[in-house]
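Here is a short briefing to read with the model open beside you. We will go sheet by sheet, then helix by helix, and finish at a pocket.

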Amino acid sequence: MLRVVISGPSGSGKGTIVQELIKYKNYKLSISATTRAKRKTEEDGVHYFFKTIDEFKQMIEQDELLEYTEFCGNFYGTPKSFVDKTIQDGFDILLEIEVNGALNIKEKYHDAILIFIIPPTFTKLKDRLIQRNTETTEVINYRLTRAKEELKLFKEYDYIIVNDDLDQAIKQINTIVESEKLRSFRQKEVIEKMLNN
């Protein structure tokens, strides 16, 4: 079973891709821990693991998080125990994480698969952000600047998916996952079993 990290600039469509992938029976979505307040429609252990600041800091101290970040005064992080249990239960786990967090995951799990989602052009990215009609021009400009910074780190990723066609992007990710499972180093147990019979 694989740890599949999905990253990409805001507006690349990574969230939509992840929501489509979890419809497949082999995938489970990683659930983050957060210190932000729970919304009425959210459920603890389903949308997030809701923690107090003290609880979150304790998780950091006890090395229970694969990565974490602070955003708008709230902490967000990936609990190691949830990821490991999902793998043990026989599922591929999808981790939708920003670039710095993704690199932290790769440090801890060298066999993690890092996939970077990009739009077909930078102009298309800008258009998508504007068409959302949810953010100010200032926020859009910040996201575009951040996107350029993230794009410079593309070499840190194993695969780049150009998200111009959603169905095609999903097909490509499924192909990557199936191919990765056939890599020789992941087949060690199968070979050893054959040799010992």
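The notes below are grouped by topic, so feel free to jump around.

This is a predicted model. Two open sheets give a good starting point: one has 5 strands with parallel pairing, and the other has 4 strands with mixed pairing. Helices lie across both of them, with α7 on the first and α2 on the second. The largest pocket has a volume of about 1,400 Å³.

**The parallel sheet**

- Reading across this open sheet of 5 strands, you will meet β2, β7, β1, β8 and β9 in that order.
- Its edge strands are β2 (27-29) and β9 (159-162), and each of them pairs on one side only.
- From one strand to the next, the twist averages 30 degrees.
- For a close look at the pairing, try β8 (residues 113-118), which runs parallel to β9 and is joined to it over 4 bridges.
- Phe116 has Ile160 in β9 as its bridge partner.
- Helix α7 (residues 166-181) lies across β1 (3-7), β2, β7, β8 and β9, and its direction is at about 160 degrees to β9.

**The mixed sheet**

- The order in this open sheet of 4 strands is β4-β3-β6-β5.
- β4 (49-50) and β5 are at the edges with a single partner strand each, so one side of each has no neighbour in the sheet.
- β5 and β6 pair in the antiparallel sense, over 5 bridges.
- Within that pairing, Tyr68 has Gly77 in β6 as its bridge partner.
- Helix α2 (residues 53-61) packs on this sheet and touches β3 (33-34), β4, β5 and β6, making about 140 degrees with the direction of β5.
- Helix α3 (residues 80-88) lies across β4, β5 and β6, and runs at about 30 degrees to β6.

**Two helix pairs**

- The axes of α1 and α7 come within 10 Å and cross at roughly 65 degrees, in a right-handed crossing.
- On the α1 side of this contact are Thr16, Ile17, Glu20 and Leu21, which meet Leu166, Ala169, Ile170, Ile173 and Asn174 in α7.
- Sorted by class, the contact of α1 with α7 has 6 nonpolar, 2 polar and 1 charged residues.
- The axes of α5 and α6 also come within 10 Å, crossing at roughly 145 degrees, and this crossing is right-handed too.
- Here Phe122, Leu125, Lys126, Leu129 and Ile130 in α5 meet Ile140, Arg143, Leu144, Ala147, Lys148 and Leu151 in α6.
- This contact of α5 with α6 holds 8 nonpolar and 3 charged residues, with no polar ones.

**The largest pocket**

- If you want to find its centre, look for Lys14, Tyr48, Glu96, Ile97 and Glu98, the closest to that point of the 38 lining residues.
- Several elements supply at least two residues each to the lining: the helices α1 (14-21), α5 (122-132) and α6 (137-151), and the strands β5 (65-71), β6 (74-79) and β7 (92-96).
- Which helix gives the most to the lining? α6 does, with 6 residues.
- By class, the lining divides into 12 nonpolar, 14 polar and 12 charged residues.
- The pocket also links the two sheets in this tour: β7 belongs to the parallel sheet, β5 and β6 belong to the mixed one, and these strands each supply at least two lining residues.

Notes:
Residues numbered from 1 in each chain as written. Predicted model: local features only at pLDDT ≥ 70, side-chain atom pairs only at ≥ 80, totals over all residues. Heavy atoms only, no water. 1 Å grid on protein atoms, 1.4 Å probe; cavity = no way out; pocket = protein on both sides within 12 Å on 5 of 7 lines; lining within 4 Å. Points joined across faces, edges and corners; volume = space filled by probe spheres on them. Nonpolar A, V, L, I, M, F, W, Y, C, P; charged D, E, K, R; others polar. Axes fitted to C-alpha atoms, helices over the stretch in contact; angles between N-to-C directions. Left-handed = near helix turned anticlockwise from the far one by under 90°. Contact = heavy atoms within 4.5 Å. Pairing = 2+ DSSP bridges.
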